[in-house]
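User: Could you zoom in on one part of this model for me and walk through how the strands pair? Then carry on to whatever else in there deserves a close look.

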Amino acid sequence: MKRKIITTADGSKTIQIEEWDEQYHSKHGAIQEANHVFIKHGLYHFCHSERSEESLVNLSILEIGFGTGLNAFITYLEAEKLKVNINYVGVEAYPISAEELSALNYVDLLSKENDVFKKLHDVSWEAEHIINKYFSLTKRKQFFEDIQDIEKYNLIYFDAFGARVQPELWTETIFKIMFKALKPKGVLVTYSAKGSVRRAMQSVGFIVERLEGPPGKREMLRACKKM
Ligand SMILES: C[S@@+](CC[C@H](N)C(=O)[O-])C[C@H]1O[C@@H](n2cnc3c(N)ncnc32)[C@H](O)[C@@H]1O
């Protein structure tokens, strides 16, 4: 499918799938959305709520849809501020091209650590890479449907394309895979607030909260594996 680079309302770029009229991030602001959904309501929520000492120092995160690497890059920047060791796994079946990567402006807007953003993309797939003292990255070229991890993650960033275009990724089958992959008390966050998505999450055992959404969106969801 044809992809093109567009600029979102906060000045950050994203990729659009023209045929679907679907973006990798919100048109209202790619960086704003990532910060609100995944960092504020995911990473910060997890670090500031009561967790075992072990999971606070060492946190494992699974990203559903590595895409542009924006969520991974922001999480890398936050890990250093929070002094938390993050073991980050990004799953992606269709990696972006070098040309698309060079058109993204996240480094200019977020930090001057150009080398790190590039490194997140340059490192090989299917292997763990130590990026710095606080952040290690494993990229897996895999379909979400084939994930088989068991109780491995504290946090899941669920960032698939919307249910309008990929309804098969917002089903009980997929959320069962996510539920299994989380450790007890693990948390999944997503930008979606659809009723059918919430019900699919609840039916596999998640306790689901509706939270205020990022700019341009009324609500989002956070699901917890309470057991
Ligand atoms: C909304 S975008 C992810 C955006 C990404 N988190 C970022 O920060 O750029 C969804 C991603 O899921 C990938 N994808 C779509 N269907 C998939 C599937 N069945 N398995 C694995 N990856 C898939 C797409 O290639 C795309 O990169």
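Analyst: Let's start with one facing pair: Lys4 stands opposite Gln16 in S2. Keep in mind that the whole thing is a predicted model. The pairing behind that match is between S1 and strand S2, which covers residues 13–17. These two run antiparallel, with 5 bridges between them. Zoom out a little and you get an open sheet of 3 strands, in the order S1-S2-S3, again with antiparallel pairing. Its edges are S1 (3–7) and S3 (22–23), each of which pairs on one side only.

Further along the chain there's another antiparallel match, this one between S6 (residues 128–132) and S7 (residues 135–140), held over 4 bridges. Together S6 and S7 make a hairpin, with 2 residues between them. If you want a landmark there, take Ile130, whose bridge partner in S7 is Ser136.

Now for the ligand. The space it takes is the largest pocket. Around the ligand are 22 residues, and those that come nearest are Glu63, Gly65, Thr68, Glu92 and Asp159. By type, the shell splits into 10 nonpolar, 8 polar and 4 charged residues.

Gly65 turns up again when you look at polar atoms: one of its backbone N or O atoms is 2.6 Å from a ligand nitrogen. Side chains come in as well. His25 has a polar side-chain atom 3.0 Å from an oxygen atom of the ligand, while in Gln166 a side-chain N or O atom sits 3.2 Å from a ligand nitrogen. And how much of the ligand's surface does the protein bury? On its own the ligand exposes 600 Å², and the protein buries 98% of that.

Note on methods. Residues numbered from 1 in each chain as written. Predicted model: local features only at pLDDT ≥ 70, side-chain atom pairs only at ≥ 80, totals over all residues. Heavy atoms only, no water. Near = heavy atom within 4 Å. Polar contact = N/O pair within 3.5 Å; in protein donor to acceptor, adjacent residues only side chain to side chain. Areas by Shrake-Rupley, 256 points an atom, 1.4 Å probe, with all protein chains shown as cover. 1 Å grid on protein atoms, 1.4 Å probe; cavity = no way out; pocket = protein on both sides within 12 Å on 5 of 7 lines; lining within 4 Å. Sits in = over half its atoms within 2 Å of the grid points. Nonpolar A, V, L, I, M, F, W, Y, C, P; charged D, E, K, R; others polar. Pairing = 2+ DSSP bridges.
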